[in-house]
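User: I have a model open and want a close look at one part of it. Please take me through that part and its surroundings.
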Amino acid sequence: MTEPNPILAGLACRCPRCGRGKLFSGYLKLRQACAACGLSYDFADSGDGPAVFVIFLVAPLVIVLALLVGSIWTLQPWVHLLIWLPTTVVLSLVLLPPFKGVLIDLQYSNDAHEGRL
């Protein structure tokens, strides 16, 4: 059995070994094991990495969009808050599971463990 691409499988929130089984049982809660191939997810520890990468993506994107909209239209500050705060929250919540999936799949494919050289 060939292993799937860790980036694509992670973005789809699928098992790093078979690419078929779901990675999460809830929003960000990992399953105990893959339902398709039986891989135990005990190795998985993405830490704060997914949140950091989501912040690095969402923050500049929202800032650029806010500056672009502000240069085209004259909006009151409260309108900017009304637009960009929900946009930031929604983008962050939508991107967090796929980013966590990618980091877990990369951790598996690179056999990365804490304290190893």
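What follows is a close look at helix H3 and the parts around it.

Analyst: One caution first: this is a predicted model. The values below are computed from it.

Start with the overall layout. The protein chain has three helices and zero strands. In sequence order the pattern is α-α-α. The C-alpha atoms occupy a box of roughly 55 × 30 × 20 Å along the principal axes. The radius of gyration is 18 Å, whereas a compact globule of 117 residues would come out near 13 Å. Of those 117 residues, 31% count as buried. Contacts across the sequence are well represented too. Take the contacts between residues at least 6 apart: 53% of them join residues at least 24 apart.

Now H3 itself. This helix covers residues 77-109. Its length is 33 residues, and the span from first C-alpha to last is 46 Å. That is close to the 48 Å expected at 1.5 Å a residue. H3 does bend, however. A kink of about 35° sits at Leu96, shortly before the proline Pro97.

Next, burial along H3. Val79 and Trp84 are among its buried residues. So are Leu96, Pro97 and Pro98, which takes in the kink residue and the proline after it. Lys100, Gly101, Val102, Ile104, Asp105, Gln107 and Tyr108 complete the buried set. The list therefore mixes nonpolar side chains with Lys100, Asp105 and Gln107, each under the 20% cut-off for burial. The cover over these buried residues includes H1 and H2. As background, an α-helix has 3.6 residues a turn, so residues three or four places apart point the same way.

Leu96 has a further role in the packing. It belongs to a separate, second core of seven residues, which also includes Val54, Val58 and Ala66. Of these, Val54, Val58 and Ala66 fall within the range of H2, residues 49-72.

What does Gln107 meet? This residue is in H3. Its relative accessible area is 13%, so it is buried. Beyond neighbours within four places in sequence, Gln107 contacts Phe43, Ala44, Asp45, Ser46 and Ala112. Phe43 belongs to the loop between H1 and H2.

Tyr108 comes right after Gln107, and it also meets that loop. A search of the whole structure finds one aromatic pair. Its partners are Phe43 and Tyr108, tilted, with 5.5 Å centre to centre and 45° between the planes. The pair links distant parts of the chain, as the two residues are 65 apart: Phe43 in the loop between H1 (6-11) and H2, Tyr108 in H3. The tilted label follows because 45° is neither under 30 degrees nor over 60. Phe43 counts as buried because its relative accessibility is 18%, under the 20% cut-off. Tyr108 is buried as well.

Phe43 leads on to the other core. The largest nonpolar core has 13 residues, and Leu39, Tyr41 and Phe43 touch the most other members. Tyr41 shows how many partners one of these can have. Leaving out neighbours within four places, its contacts include Cys15, Pro16, Gly21, Lys22 and Leu23. Leu30, Arg31, Gln32, Ala33 and Cys34 are on the list too.

Follow the loop between H1 and H2 back to Gly19, which lies in it. At 26% relative accessible area, Gly19 is partly exposed. Its contacts beyond four places are Pro4 and Arg14. The Gly19 C-alpha is 35 Å from that of Ile63, 44 residues along the chain. Arg20 lies in the loop as well. It is exposed, with a relative accessible area of 53%. Arg20 touches Arg14 and Ala36, again leaving out neighbours within four places. Between the C-alpha atoms of Arg20 and Gly47 the separation is 24 Å, for 27 residues along the chain.

Last, the exit from H3. Asn110 belongs to the segment after the helix. Its relative accessible area is 55%, so Asn110 is exposed. The Asn110 and Pro6 C-alpha atoms are separated by 9.6 Å, although the two residues are 104 apart along the chain. H3 is also followed by Asp111, which has a positive phi near 50°.

Conventions:
Residues are numbered from 1 along each chain as its sequence is written. This is a predicted model: local features need pLDDT of at least 70, side-chain atom pairs count only at pLDDT 80 or more; totals for chains, interfaces and linings use all residues. Side-chain values use heavy atoms; hydrogens and water are left out. Rings of Phe, Tyr and Trp (its six-membered ring) pair if their centres lie within 6.5 Å; planes under 30 degrees apart count as stacked, over 60 as edge-to-face and the rest as tilted. Helices (H or I, at least four residues) and strands (E, at least two) are DSSP runs, numbered from the N terminus. Buried means under 20% relative accessible area, exposed over 50%, partly exposed in between (1.4 Å probe, protein chains only). Contact means heavy atoms within 4.5 Å. A nonpolar core is a set of buried Ala, Val, Leu, Ile, Met, Phe, Trp, Tyr and Cys residues joined through side-chain atoms within 4.5 Å. The expected span of a helix is 1.5 Å times one less than its number of residues. The bend at a residue is the angle between axes fitted to the seven residues ending there and the seven starting there. The radius of gyration is taken over C-alpha atoms; the globule rule is 2.2 Å times the number of residues to the power 0.38.
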